[in-house]
Amino acid sequence: MKLPITCPSCEHNLNVSQMKCPDCGTQVSGDYELPVFLKLKRDEQDFILNFFLSSGSIKEMAKQADLSYPTMRNKMDDLIEKITKLNTL
């Protein structure tokens, strides 16, 4: 099941309020902000993972996605801008 990151009612970011150890049942409760990576859409998370798995090669990612290098670079720049904004909130 995919972790929801936005409120279904108002679309604001959700916070984590509880985590549980599946082995011993210990529970931690509070009001914790999601890490920046988890605030991204699933396709944006996949993009970052693919970038990592292609050893940081935009050229390789473009080749695998059958896109031009400038198109892939623009996608990267847009994601960098989004992460920068999320990281300063």
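1. Ser54 lies in the loop that links α2 (42-53) to α3 (58-65). In this predicted model, Ser54 has a relative accessible area of 9%, so this loop residue counts as buried. Leaving out residues up to four places away in sequence, Ser54 touches Glu60 and Met61.

2. Leu79 is a helix residue, placed in α4. Its relative accessible area is 8%, under the 20% cut-off, and Leu79 is therefore buried. Once neighbours within four places in sequence are set aside, the contacts of Leu79 are Leu40, Glu44, Phe47 and Ile48. For one of these, Glu44, the separation from Leu79 is 35 residues in sequence, while the C-alpha atoms of the two are 7.3 Å apart in space.

3. Which elements make up the chain, and in what order do they run? The protein chain has four helices and two strands. Read from the N terminus, the order is β-β-α-α-α-α. The radius of gyration is 17 Å, well over the 12 Å that the globule rule gives for 89 residues, so the chain is more spread out than a compact globule. Along the principal axes, the C-alpha atoms fill a box of roughly 45 × 30 × 20 Å.

4. On burial and surface, 18% of the 89 residues in the protein chain are buried. The chain exposes about 7,100 Å², and carbon and sulfur atoms supply 56% of that area. Among contacts with a separation of 6 or more, 34% join residues 24 or more positions apart.

5. The protein chain carries 11 positive and 12 negative charges, and the mean positions of the two sets are 2 Å apart. Side chains of opposite charge can pair when their charged atoms come close. Over the whole structure, a search finds four salt bridges. Points 6 to 8 take up some of them.

6. One salt bridge joins the side chains of Glu33 and Lys39, with an N to O distance of 2.3 Å. Are the partners buried or exposed? Glu33 has a relative accessibility of 52% and so counts as exposed. Lys39, by contrast, is buried, because its relative accessible area is 11% and the limit for buried is under 20%.

7. Another salt bridge is formed by the side chains of Arg73 and Asp77, at 2.7 Å from N to O. Both residues sit in helix α4 (residues 69-88), and they are four residues apart, which means a separation of about one helical turn. Arg73 is partly exposed, with a relative accessible area of 29%. Asp77 also counts as partly exposed, at 34% relative accessibility.

8. Helix α4 also holds Lys85 and Glu81, whose side chains meet in a salt bridge of 3.3 Å, N to O. Why are these two about one helical turn apart? They are four residues apart in helix α4, and that spacing gives about one turn. Lys85 has 51% relative accessibility and counts as exposed, since the cut-off for exposed is over 50%. Glu81 is partly exposed, with a relative accessible area of 44%.

9. Helix α4 thus comes up in several points. Leu79, in this helix, is buried, whereas Arg73, Asp77 and Glu81 are partly exposed and Lys85 is exposed.

Technical notes:
Residues are numbered from 1 along each chain as its sequence is written. This is a predicted model: local features need pLDDT of at least 70, side-chain atom pairs count only at pLDDT 80 or more; totals for chains, interfaces and linings use all residues. Side-chain values use heavy atoms; hydrogens and water are left out. The radius of gyration is taken over C-alpha atoms; the globule rule is 2.2 Å times the number of residues to the power 0.38. Buried means under 20% relative accessible area, exposed over 50%, partly exposed in between (1.4 Å probe, protein chains only). Contact means heavy atoms within 4.5 Å. Accessible areas come from the Shrake-Rupley method with a 1.4 Å probe; for residues, only the protein chains shown count as cover. Lys and Arg count as positive and Asp and Glu as negative; His and the chain ends are not counted. The place of a charge is taken as NZ of Lys, CZ of Arg, CG of Asp or CD of Glu.
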